Amino acid sequence: MFFILSIFLLCIIYVCNFLVIQKTKDKLYTNIDAVLVNKVGVVLGTAKYLTNGQVNLYYAYRVNAAVTLYKASKVSFIIVSGDNSSKNYDEPTDFKKDLIKAGIPEAKIFLDYAGFRTLDSVVRAKEIFGQTAITIISQKFHNERAIYLANYFGVKAIGFNAKDVFGNYGLKVQSREYLARVKVFLDILLNIQPRFLGASIEIK
């Protein structure tokens, strides 16, 4: 019985992963010259620092990717969507400070403090910020899942892939991604919505 259940779960993981990859493979870009132009890029948040105090490379590479996209005039505005669930944890503001240091004008940056999950980030880009076409900025594996969700919720999304992270830390994060992709389909099946919506914010 355990063996059968294990095979069944592995099949579910495989199918979910396959569907996400197949539906998004033509919407991902690593070459800045090939990226389509959108008004808004959405940076998906993550912590700036790891528990050992070192800078999180996922964070650093997303900052670099957003700056590259903006300076190449592939987007005119940046939404940083991340977790600000407590006074002492504020992903969007960390990103904003570093984006400004890298040369993006403050007026071009908008913060989404309620991007607790990828689903929240892509839905709020549409419902709060009024965007139906966006460029998502994260690592490839994350972009794939985000684009799949965005498309399901009526947002025409492409992804600009930030540099990936390798080694033990990268392997650990990407291993969790398989389960996150199963959760994509559970969320769709259960009609899960963002934790918070709120007043509209005009990007101009």
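Which residues of α3 are buried? In this predicted model, the buried residues of α3 are Glu91, Pro92, Thr93, Phe95, Asp98 and Leu99. These buried positions pack against β2, α2, β3 and β4. Just after the helix, glycine 103 adopts a positive phi of about 110 degrees.

The strands form an open sheet of 6 members in the order β1-β6-β5-β2-β3-β4, with parallel pairing. Its edges are β1 (28–29) and β4, each of which pairs on one side only. Strand β5 (residues 133–139) is mostly covered, with 6 of its 7 residues buried. On one side, β5 pairs in the parallel sense with β2 (residues 40–44) over 4 bridges. In this pairing, valine 40 stands opposite isoleucine 134, and glycine 41 stands opposite threonine 135. β5 also pairs with β6, again in the parallel sense, over 7 bridges. Here isoleucine 137 of β5 is placed opposite phenylalanine 160 of β6. The chain passes from β5 to β6 through helix α5 (residues 140–152), and this β-α-β crossover is right-handed.

The largest nonpolar core contains 28 residues, of which Ile78, Val80 and Leu99 touch the most other members. Two or more residues each are contributed by α2 (57–71), β3 (77–81), α3 (91–101), β4 (109–112) and β6 (156–162). The greatest contribution is that of α2, with 9 residues. Apart from this core lies another, of 27 residues, which includes Val40, Val42, Leu44 and Tyr148. In soluble globular proteins, nonpolar side chains tend to be buried together.

The surroundings of valine 80 can be listed residue by residue. With neighbours within four places in sequence left aside, valine 80 is in contact with Val43, Pro92, Phe95, Leu99, Ile109, Phe110, Leu111 and Asp112. Among these partners, Pro92, Phe95 and Leu99 belong to the buried set of α3.

A polar residue was examined in β6. Asparagine 161 lies in this strand and counts as buried because its relative accessibility is 11%, under the 20% limit. The side chain of asparagine 161 makes a polar contact with the side chain of asparagine 143, at 2.9 Å. Outside the four nearest places in sequence on either side, asparagine 161 is in contact with Leu28, Tyr29, Thr30, Ser138, Gln139, Lys140 and Asn143.

The cysteines were considered next. A disulfide is a covalent bond between the sulfur atoms of two cysteines. The count for this model comes to 0 disulfides. The sulfur of cysteine 11 has its closest cysteine sulfur in cysteine 16, at 11 Å, and is therefore too far away for a bond; the cut-off is 2.5 Å. The closest cysteine sulfur to that of cysteine 16 is likewise in cysteine 11, at 11 Å, so no bond is assigned from this side. As for solvent exposure, cysteine 11 is partly exposed, with a relative accessible area of 43%, whereas cysteine 16 is buried, at 8%.

Conventions. Residues are numbered from 1 along each chain as its sequence is written. This is a predicted model: local features need pLDDT of at least 70, side-chain atom pairs count only at pLDDT 80 or more; totals for chains, interfaces and linings use all residues. Side-chain values use heavy atoms; hydrogens and water are left out. A nonpolar core is a set of buried Ala, Val, Leu, Ile, Met, Phe, Trp, Tyr and Cys residues joined through side-chain atoms within 4.5 Å. Buried means under 20% relative accessible area, exposed over 50%, partly exposed in between (1.4 Å probe, protein chains only). Contact means heavy atoms within 4.5 Å. Two strands pair if DSSP finds at least two bridges between them. A crossover is right-handed if, with the strands pointing away from the viewer, the path from the first strand over the helix to the second runs clockwise. A polar contact is a pair of N or O atoms within 3.5 Å; within protein, one must be able to donate a hydrogen and the other to accept it, and residues adjacent in sequence count only if both atoms are side-chain atoms.
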